[in-house]
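Student: I'm new to this one, and I'd like a close look at a single part: the way its helices pack against each other. Please walk me through it slowly.

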Amino acid sequence: MKASLLALAAATALLILLSAGPALAQEWSWPDEPENLQVLPEDFGGQRLRAVMTGFSRALGVRCSHCHVGEEGEPLSTYDFPSDENSRKEVARTMLRTLGVVNDSLDTVERSGPGEVNMWCHTCHRGRPRPMALDEELFEVYEVRGLDSLVAHYEWLRERFYGRGSYDFGERSLNSLGYQLLSNEETAAAISVFQLNTEQFPESANVWDSLAEGYLTDGQVVLAEEFYQKSLELDPENENATQKLREIESGG
């Protein structure tokens with residue numbers, strides 16, 4: 001892994017740690033010679049490790065117990081940090097190795113600007129332990145827990161992450177999810193997602209066009225016609241809506 005990667009990660013994390021105030025520093029004394037380091041250099045001292053681990057925690061929005069053996073809320077002195085029993089530690093090691101490979105590969109790419117481009121943990125994670133796109137995460141929630149949970153999870157994510165760059169809360173995400181559900185013949189769920197998108201973006205011709213598509217697929221022609229008309233009101237040049245309305249009028 002490039003030295004610049006570790007240096008910048010440590011420096012950034014240390015700034016975060018210092019800004020958290022003295023209370024955090026008093027809770028745990030990092031060892032001068034950390035044990036069981038398999039990806040980081042063996043001579044990586046406690047203070048450098050402290051900074052990098054804090055950076056990981058902030059990048060993923062998790063606590064120490066996410067990767068280490070210990071109970072959330074208990075003193076850090078009760079944690080078994082060298083242990084490998086928590087399987088997420090090996091995942092973290094794999095991701096760190098991957099980070100090094102990606103950044104080494106980026107060194108072979110011709111620069112598109114004056115600065116060097118690097119990949120960091122927060123490049124993808126942005127405060128989330130699993131760096132999924134919004135439509136992917138919502139579809140997973142739907143498959144496991146159903147439509148009501150999908151909507152509730154969307155509202156929770158929007159309240160927590162909107163404006164932070166963690167997810168794309170533009171109309172594309174829900175629209176993509178709606179069409180994925182439609183292609184899976186989950187028509188009622190697709191219509192609900194399209195409806196949610198019209199609530200978020202009522203001035204977008206595209207989201208009303210998609211809602212009309214959902215209703216047309218479901219055989220609800222009257223509603224499909226209504227929302228294609230709504231889409232055309234917002235965008236008179238919407239060729240898809242125009243064509244669909246012609247087909248509806250001709251009985252096609």
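Tutor: Let's start with what an axis is: for a helix, it's a line fitted to the C-alpha atoms over the stretch in contact, and angles between axes run from 0 to 180 degrees, taken between N-to-C directions. Two packed helices are described by the angle between their axes and the distance between the axes.

Keep in mind that this is a predicted model. Its pLDDT averages 88 over the chain, and 88% of the residues score at least 70. Go easy on residues 1-5, though, where the pLDDT is below 50 and the stretch has 14 contacts beyond near neighbours in sequence. Residues 7-26 also have a pLDDT below 50, with 15 such contacts in the model. Where pLDDT is low, the predicted coordinates should not be read in detail.

Now for the packing, starting with helix H11 (residues 221-234) and helix H12 (residues 239-249). Their axes come within 9 Å and cross at roughly 145 degrees, and the crossing is left-handed. On the H11 side, look for Val221, Glu225, Tyr228, Gln229, Ser231 and Leu232; H12 answers with Asn240, Ala241, Thr242, Lys244, Leu245 and Ile248. Sort that contact by class and you get 6 nonpolar, 4 polar and 2 charged residues.

Next, go back along the chain to helix H6 (residues 134-145) and H7, whose axes come within 7 Å and also cross at roughly 145 degrees. Here H6 passes H7 in a right-handed crossing. H6 brings Leu134, Glu137, Leu138, Val141, Tyr142 and Arg145 to the contact, while H7 brings Leu147, Ser149, Leu150, His153, Tyr154 and Leu157. That contact has 8 nonpolar, 2 polar and 2 charged residues.

H7 has another partner to show you. The axes of H7 (residues 147-161) and helix H9 (residues 187-200) come within 10 Å and cross at roughly 25 degrees. Angles under 35 degrees count as roughly parallel, so H7 is roughly parallel to H9. H7 passes H9 in a right-handed crossing. In H7, the residues to find are Leu147, Leu150, Tyr154 and Arg158, and they meet Ala189, Ser192, Val193, Leu196 and Gln200 in H9. By class, this contact has 6 nonpolar, 2 polar and 1 charged residues.

One last stop is inside a single helix. Side chains of opposite charge can pair when their charged atoms come close. The structure holds 9 salt bridges, and one of them joins the side chains of Glu90 and Arg93 at 3.2 Å, N to O. Both residues lie in helix H4 (residues 88-106), 3 residues apart, about one turn of the helix.

Note on methods:
Residues numbered from 1 in each chain as written. Predicted model: local features only at pLDDT ≥ 70, side-chain atom pairs only at ≥ 80, totals over all residues. Heavy atoms only, no water. pLDDT = per-residue confidence, 0-100. Contact = heavy atoms within 4.5 Å. Helix = DSSP H or I, 4+ residues; strand = E, 2+ residues; numbered from the N terminus. Parallel < 35°, antiparallel > 145°, perpendicular 65-115°, else oblique. Left-handed = near helix turned anticlockwise from the far one by under 90°. Nonpolar A, V, L, I, M, F, W, Y, C, P; charged D, E, K, R; others polar. Salt bridge = Lys/Arg side-chain N within 4 Å of Asp/Glu carboxyl O.
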